[in-house]
2 protein chains.
Amino acid sequence: MKDLNKMFKPESVAVIGASNTPGKVGYIIVDNLINDGFEGEIYPVNPKGGEILGKTAYPNIKDVPGKVDLVIITIPSPFVNTAVKECGEVGIENMVVITAGFKEVGEEGAKLEAELTALGEEYGINIIGPNSLGITDSHTPLNGSFSQMMPPTGNMAFISQSGAMMVAIIDWSVTSGIGFSKVISLGNKAGVSEIELLQYLAEDDETNVIICYLESISDDDDFVRTMRETAHKKPIIVLKSGSSSAGAAAASSHTGALAGSDLAFDTAFHQSGIMRVETMAELFDLGLAFSKAPLPKGDNVAIITNAGGGGVLTVDAMEKAGLNLVQFDEETTAKLKECVTEEGSAKNPIDVLGDAPVIRYKESLELVLGYDDVDSLIVMVCPTASADPDGIAEAIIEEKNKFDKPVIVVNMGGPSFEDANDALRENGIPTYVFPETAVTALEAMVKFARLEEREYDDVIEKIDDVDKDAVKAIFDKVKADGRDTLLGSEAYAVAEAYGISAAPIKLSTSADEAAELAEEMEFPVVLKIASDKILHKSDIGGVKVGISSAEEAKATYEEIIANAKAAHPDIVPDGVEVQKMMDSGEEVIVGMIRDKQFGPMIAFGMGGIYVNLIEDVSFNLAKGMSSQEIEEQIASTKVSKLLEGYRGEAPCDVEEVKEAIKRVARLTLDFPEISELDINPIFVYEEGSSALDIKIKL
Amino acid sequence: MKDLNKMFKPESVAVIGASNTPGKVGYIIVDNLINDGFEGEIYPVNPKGGEILGKTAYPNIKDVPGKVDLVIITIPSPFVNTAVKECGEVGIENMVVITAGFKEVGEEGAKLEAELTALGEEYGINIIGPNSLGITDSHTPLNGSFSQMMPPTGNMAFISQSGAMMVAIIDWSVTSGIGFSKVISLGNKAGVSEIELLQYLAEDDETNVIICYLESISDDDDFVRTMRETAHKKPIIVLKSGSSSAGAAAASSHTGALAGSDLAFDTAFHQSGIMRVETMAELFDLGLAFSKAPLPKGDNVAIITNAGGGGVLTVDAMEKAGLNLVQFDEETTAKLKECVTEEGSAKNPIDVLGDAPVIRYKESLELVLGYDDVDSLIVMVCPTASADPDGIAEAIIEEKNKFDKPVIVVNMGGPSFEDANDALRENGIPTYVFPETAVTALEAMVKFARLEEREYDDVIEKIDDVDKDAVKAIFDKVKADGRDTLLGSEAYAVAEAYGISAAPIKLSTSADEAAELAEEMEFPVVLKIASDKILHKSDIGGVKVGISSAEEAKATYEEIIANAKAAHPDIVPDGVEVQKMMDSGEEVIVGMIRDKQFGPMIAFGMGGIYVNLIEDVSFNLAKGMSSQEIEEQIASTKVSKLLEGYRGEAPCDVEEVKEAIKRVARLTLDFPEISELDINPIFVYEEGSSALDIKIKL
């Protein structure tokens, strides 16, 4: 993990490219450092020397008298790398490169950027940027950016891959009650990546939630495991653009980054515990809740409202979010009934009625928060004629302070709640205008709180009964033959080497051998022409099923060879494959898609010929996959209901399915040359399973 | 349609229950009328007479000297009906009953309310309420409510079934740039329903979009057709609470209304063209767009942004929304390239870059809006150091005024855009903070604009080749037998009478008759024990398939009867049913769920034993169903891909599927006593189809 402490808590900052000309970046940065309260030394660096904004300017970084913890570079791109080298020579460890004109402008810039990266590595400099708007730390305080506004202080860290979006958000936050610990403009990520920043922020005491706007994810050989460690320490919420295919195309032309598939991103985020959101609004709605409220212990929610309809809307949203409406016991219900009057509702959602005075809110808050089963509370206030928003806010704060449970307030309205919202947020209570937002935020908190229950067992890495050499030999032969697709018999041999149950399929090159193999397997068998060049084997009489004797096998061998020759006189088949005919079972598919960025992604779902139509498939990345994740992957499909025994049928051997998933994961991790793999169908029986058709492409 | 004009444009208003005591509802209403600018006569009515807020008070409505267009009632509930009667006697036509204490408080109140409804009908009074917060019309102006705030003027009408939520929204609107034409608190809907209000508002020149918060829908025998007419005239956006099962339970305890299923609401809204939203925020986000911008001519969208990432987020959201990213021709691209500079993007989304001056926005706006294929434009502005929000807003307004196309602006930020947002909204340009919201709003506008292309043909009502009497006779017999479930042979006869292709199935009561029927149908046939009391027919040897001769039929008849007697000595079977064995085809299901509120809802989807697992089903309400809707219903399922001929298979006879849907709709509309109907499977062939298993329950 990189030590970025001095990046955000420097005792001295040098600005290379500092300027006396207002409006220039080199001026704004020095100005921001001074005016936004940085208390350490500020060293403007400018070849002309002199004084800049009242500070002595030095011609070169080497001339600066004291130790410099952080360098901010704003000089034009052709001069940046020289300056970086000089910084390296004087032992600079942290740097922000504001200068643009690198990778984002094309080939020439990309070359410069590669040099920059190399210099950073050579001299051990942590480089944020280039093409960054800078960084801010509201606790230091440090405004090392050319943003016109220092973000309000708070405990939410914000990492943005877009400078413009970062400025927009800082502007917006001023009126939204959101405060930031650090705001970081990533720029082109030539040095420090978002992964390294997340690792650093996860240990940062001034930060309790991290939100990110990202356009690409930096390469990490073991992303899921790296990020899992980080994302379990602190809530990380990510808005990743380019989720659509058109968006991905636009993003790639915008960032120049070649990205993995969105499905792989989704899977990687999910497996590592990063929360992905779909909109900018959600990014901040969730961030607000995490930054203010404690985590709930469970998913039991109570609602107190002065508008019955608002309560119903909240319940609607909760059901979609999988949150649970607490039921109170008789004693508490009776007490609540007394409190909310005859016409109110003492059942959750608790309706204190439109004419509720403060005391009615206060009493029901105390009863509800004191109820053991209540893990969190949503309080809703409509500004009815008799409502006292400030008084209610005070009551909420008082009651909330007695209990360590998250309380989220929905103040439905505008001007009537301005003071109440400020007071509530200052006292650790997130507030929203609409009930659905509150529920979305609470859903995320419950989800994060549950991360700690998850178990990771490195189940794929622990598989040791595989014969890697056998597979290597098969692949070598396929490559030597100039093919990229394995024959069925070869695929079977691969499956066998990796412990994947499959219907035996072997290659015969004579009628006698076919009969021999068939007898070994036991009848009935299927005979199939073996050739990667003949595509529609059934159509040319290349497949015969239900062969039940050695005699029949011999005759069929000859027949198939003859049929193939007749249809394709120019193709020399590899022989005839003999496959044992299996009883049919529940059909599932296990497959692999290799993602450019995240490696093998294992698919599981309903098998058969309508796989693409039914689309009952779920995914896990092979690397870092856990037993629990495999179980959830299976459970998230509809076919799992069939495996469990649908409508009184006997349950199937799900352990076999898990084995198949694990072993395909292990196989595709061990052999990066496998570009495609599909097993469809696997017949799953009450006991055991059998892979019928295994397609492997190198 | 009710004439509600004088309700909202009265020349005189009487307040029964007017009071001199500040804080009382009868005081607030008179005060609001006076202070919010109502220019007509105001007549306070109070038994004590005297003067109220400077106006002469009259002891009784009968004492009021002039004609009264609108009466507002605030006296306690026990006195309301007497007052209403008196109003009726002096010819009052419009009334708002503010008083609570009716249906919402239980049985006693419900009785009062029923009387109130009856009086309204007897005297021809349009009654809004009771338990209403009142009504406002910002154009009249009329504040006939006890809301503390008169909503800002605008052209959005808002109907709310919750008073508290209405107040909340008015409060919120003050800072959100939203203006209202009319705000109506529905109350208990004892007189005027939301349906009647929607019909009225659809003709109201001061209203161009209607948003509704509803907890229940009033009964209308022909809801889809009634609302379709209205919803095609003007955009209607509805947030209906109680969409979840827990929410529906909470809603029913809150409103006392017995509601139809949420699926039926969804279907009814969809078929009538009402736009349903899921959150309060969306209700207003959409409303804002419709209230400001003209409708787009199509779904081709252009984006201009000064933040590449924001453009990508917009494209992501557009793809989900089904909107289309315009591609510019070479000439325009070249011009755009010149405008956005070398580093900008001339491809949609057009990136004018973070340093874009106003002129760059202006020029690209002109090029893009002038491009024929562009139906609408999203302009995004981040407050970068060089951005001039007010200047950009001015440029947008200027360019927008040259073209009749919707322009939606995303001003990403807070304080920097306050003036710009005001200016834009005043000039017919909706503005949002985040790009996803803009896309959601645009999606709704495109959808609404397309309503006018829809065709309605009353296809169900036009079916005339059905034998209603035959079906009635069968049902009478079933009822006379004391059964509620039809035998297979009876269901077949029903299908035959309504022209639904089905595999013949007939009842035999002797071995000879069984053989005779089988010969008529042609072999092979299936024999099945006929009894609604024997459930698992196969298990007891009550079903025999593949009977291929008269002899076999006779023998099998006896065998089945014997098996049934052995298994259920106490049950006397109705005989043995003979069904023709059909070739198998693509399996589909056509079924009917009868909704309490909306009547028969026709289901179509993938058939077979896994219907409930696969859940590939879509719905249409039978009443008002059109041919186009049936086509869309079929197309929205996955099985439609199989019917079209999946992967080179021959296409199936989709016309037969349409017929089945239509005829099931007609049958279940004609016979309300059918409580359940399921045909699963229907085999669909290349030509023709055959319903295999028809279940009808009365």
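**Figure 1. Helix 12 and helix 13 of chain B, side by side in this predicted model.** Let's start with a pair of helices: the axes of helix 12 (residues 330-340) and helix 13 (residues 358-369) of chain B come within 9 Å and cross at roughly 170 degrees. Angles over 145 degrees count as roughly antiparallel, and helix 12 of chain B and helix 13 of chain B are therefore roughly antiparallel to each other. Which residues meet here? From helix 12 of chain B come Lys335(B), Leu336(B), Cys339(B) and Val340(B), and they meet Arg360(B), Glu363(B), Ser364(B), Leu367(B) and Val368(B) of helix 13 of chain B.

**Figure 2. Helix 18 of chain B and its surroundings.** Look next at residues 488-497 of chain B: seven of the ten residues in this helix are buried, so helix 18 is largely enclosed by the rest of the structure. The buried residues are Ser489(B), Glu490(B), Ala491(B), Tyr492(B), Val494(B), Ala495(B) and Ala497(B). What covers them? The cover includes helix 17 (468-480), strand 21 (505-508), strand 24 (575-580), helix 24 (654-670) and strand 30 (694-697), which belong to chain B. Just after helix 18 of chain B, you will find Gly499(B) with a positive phi of about 70 degrees.

**Figure 3. A seven-stranded open sheet in chain A.** Following the strand order 9-8-11-10-12-13-14 takes you across this sheet of chain A, whose pairing is mixed. The edges are formed by strand 9 (142-145) and strand 14 (275-277) of chain A, each pairing on one side only. On average, neighbouring strands of the sheet are turned by 20 degrees against each other, direction ignored. Zooming in, strand 12 (residues 209-214) and strand 13 (residues 236-240) of chain A pair in the parallel sense over five bridges. Ile211(A) has Ile237(A), in strand 13 of chain A, as its bridge partner.

**Figure 4. How chain A and chain B are related.** A turn of 180 degrees and a shift of 0.1 Å along the axis lay chain A on chain B with an RMSD of 0.1 Å. That is the relation of a two-fold axis. Which residue of chain A comes closest to the rotation axis? Ile614(A) does, with its C-alpha at 4.0 Å. Of the interface residues of chain A, 99% are also interface residues in chain B, so the copies meet through the same surface.

**Figure 5. The domains of chain A.** The domain assignment gives domain 1 (5-207), domain 2 (294-429), domain 3 (468-580) and domain 4 (586-697) in chain A. Taken over C-alpha atoms, the centres of domain 2 and domain 3 of chain A are separated by 70 Å.

How values were computed. Residues are numbered from 1 along each chain as its sequence is written. Chains are lettered from A and ligands numbered from 1 in the order in which they are written. This is a predicted model: local features need pLDDT of at least 70, side-chain atom pairs count only at pLDDT 80 or more; totals for chains, interfaces and linings use all residues. Side-chain values use heavy atoms; hydrogens and water are left out. Domain bounds come from an automatic or database domain assignment. Two strands pair if DSSP finds at least two bridges between them. Helices (H or I, at least four residues) and strands (E, at least two) are DSSP runs, numbered from the N terminus. Axes are lines fitted to C-alpha atoms, for helices over the stretch in contact, and angles run from 0 to 180 degrees between N-to-C directions. Copies are superposed by least squares on the C-alpha atoms of residues with pLDDT of at least 70 in both. Contact means heavy atoms within 4.5 Å. Buried means under 20% relative accessible area, exposed over 50%, partly exposed in between (1.4 Å probe, protein chains only). Angles under 35 degrees count as roughly parallel, over 145 as roughly antiparallel, 65 to 115 as roughly perpendicular and the rest as oblique.
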